Amino acid sequence: MPALIAAAIGGLALGVCAVALSTDPAGRVLIGIAAVGLLVMAWLGMTQRPRLAVLDGNKLSVKQIRRTAVYDRAAVVRARVVKYPRLGRRVPMLEIDVALPDDAELLLVFGRWDLGTHPEDVLAALARHEFAVEL
């Protein structure tokens, strides 16, 4: 959340710079685009929190940009933490496999930015609520 607040403050500061301080028209447009981008990113990040939640102890709620999907405990096939290489180091990501009603499967991948905490802590919480966790 602090990063999202900083992005919103940065967007507002860039907006003020674009309107009040910039005298170059091209620079004003570029600074304005950067301001709008930061404000949109901050707004999306704040409206999607929490991305993952356990409802009533047996349902998993996943917030997306346009909707919130809810999956029963039986639909969660597997949840695990996988470490992916990124920028020269291995970053933990939470993977959740979900079985959909039409015999399709859905893979949900969440990083620390999405979850707001370490993925292994979220995996432990899912295990406490008896979701299909692979340790």
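Two residues are said to be in contact here when heavy atoms of one lie within 4.5 Å of heavy atoms of the other. In this predicted model, L52 is in contact, once its neighbours within four places in sequence are left aside, with L60, S61, V62, L94, I96, F110, L115 and V122. That list is a useful way into the structure, and the report returns to it after an outline of the whole protein.

## Overall build

The protein contains four helices and six strands, and their order along the sequence follows the pattern α-α-β-β-β-β-β-β-α-α. The radius of gyration is 19 Å, well over the 14 Å that the globule rule gives for 135 residues, so the protein is more spread out than a compact globule. Along its principal axes, the C-alpha trace spans about 60 × 35 × 25 Å.

Of the 135 residues in the protein, 28% are buried. The protein exposes about 8700 Å², and carbon and sulfur atoms supply 62% of that area. As for charge, there are 16 positive and 13 negative side chains, and the centres of these two sets lie 8 Å apart. Among the contacts with a separation of 6 or more, 42% are accounted for by residues that stand 24 or more positions apart.

## The nonpolar core

In soluble globular proteins, nonpolar side chains tend to be buried together. The largest nonpolar core of this model has 18 residues, and the members that touch the most others are L52, L94, I96 and F110. At least two residues of this core come from each of β2 (59–63), β3 (68–72), β4 (76–86), β5 (89–99), β6 (105–110) and α4 (119–128). The contacts of L52 described at the start include L94, I96 and F110.

## Two residues of strand β2

Which residues does S61 touch, apart from those up to four places away in sequence? They are R51, L52, A53, L55, T68, A69 and V70. S61 lies in strand β2 and counts as buried, because its relative accessibility of 9% is under the 20% cut-off. Between S61 and K83, which are 22 residues apart in sequence, the distance in space is 23 Å from C-alpha to C-alpha.

K59 also lies in strand β2, where its relative accessibility of 31% makes it partly exposed. With its neighbours within four places in sequence set aside, K59 is in contact with A53, V54, V70, Y71, D72 and F131.

## Residues of the helices α1 and α2

I5 belongs to helix α1, which covers residues 2–21, and I5 is partly exposed, with a relative accessible area of 43%. L39 has its place in helix α2, which covers residues 25–47, and counts as partly exposed at 33% relative accessibility. Beyond the residues up to four places away in sequence, L39 touches A8, G11 and L12.

How far apart in space are residues that are well separated in sequence? The table sets out C-alpha to C-alpha distances for three pairs, one of which involves K59 of strand β2.

| Pair | Separation in sequence | C-alpha to C-alpha distance |
|---|---|---|
| I5 and M46 | 41 residues | 8.8 Å |
| K59 and L100 | 41 residues | 14 Å |
| L39 and D121 | 82 residues | 30 Å |

## Two residues with positive phi

Where in the protein is L87 found? L87 sits in the loop between β4 and β5, and its phi is near 50°, a positive value in a residue other than glycine. At 80% relative accessibility, L87 counts as exposed, because that value is over the 50% cut-off.

E130 has its place in the segment after α4. Its phi is near 65°, which is again a positive value in a residue other than glycine. With a relative accessibility of 58%, E130 counts as exposed.

## Drawing the picture together

The outline, then, is of a predicted model with four helices and six strands, in which the core of 18 residues receives at least two residues from each of β2, β3, β4, β5, β6 and α4. S61 of strand β2 touches L52, one of the core members that touch the most others.

Methods
Residues numbered from 1 in each chain as written. Predicted model: local features only at pLDDT ≥ 70, side-chain atom pairs only at ≥ 80, totals over all residues. Heavy atoms only, no water. Core = buried A, V, L, I, M, F, W, Y, C linked by side-chain atoms within 4.5 Å. Buried < 20%, exposed > 50% of the residue type's maximum accessible area, 1.4 Å probe, protein only. Rg over C-alpha atoms; globule rule 2.2 N^0.38 Å. Areas by Shrake-Rupley, 256 points an atom, 1.4 Å probe, with all protein chains shown as cover. Lys, Arg positive; Asp, Glu negative; His and termini not counted. Charge placed at Lys NZ, Arg CZ, Asp CG, Glu CD.
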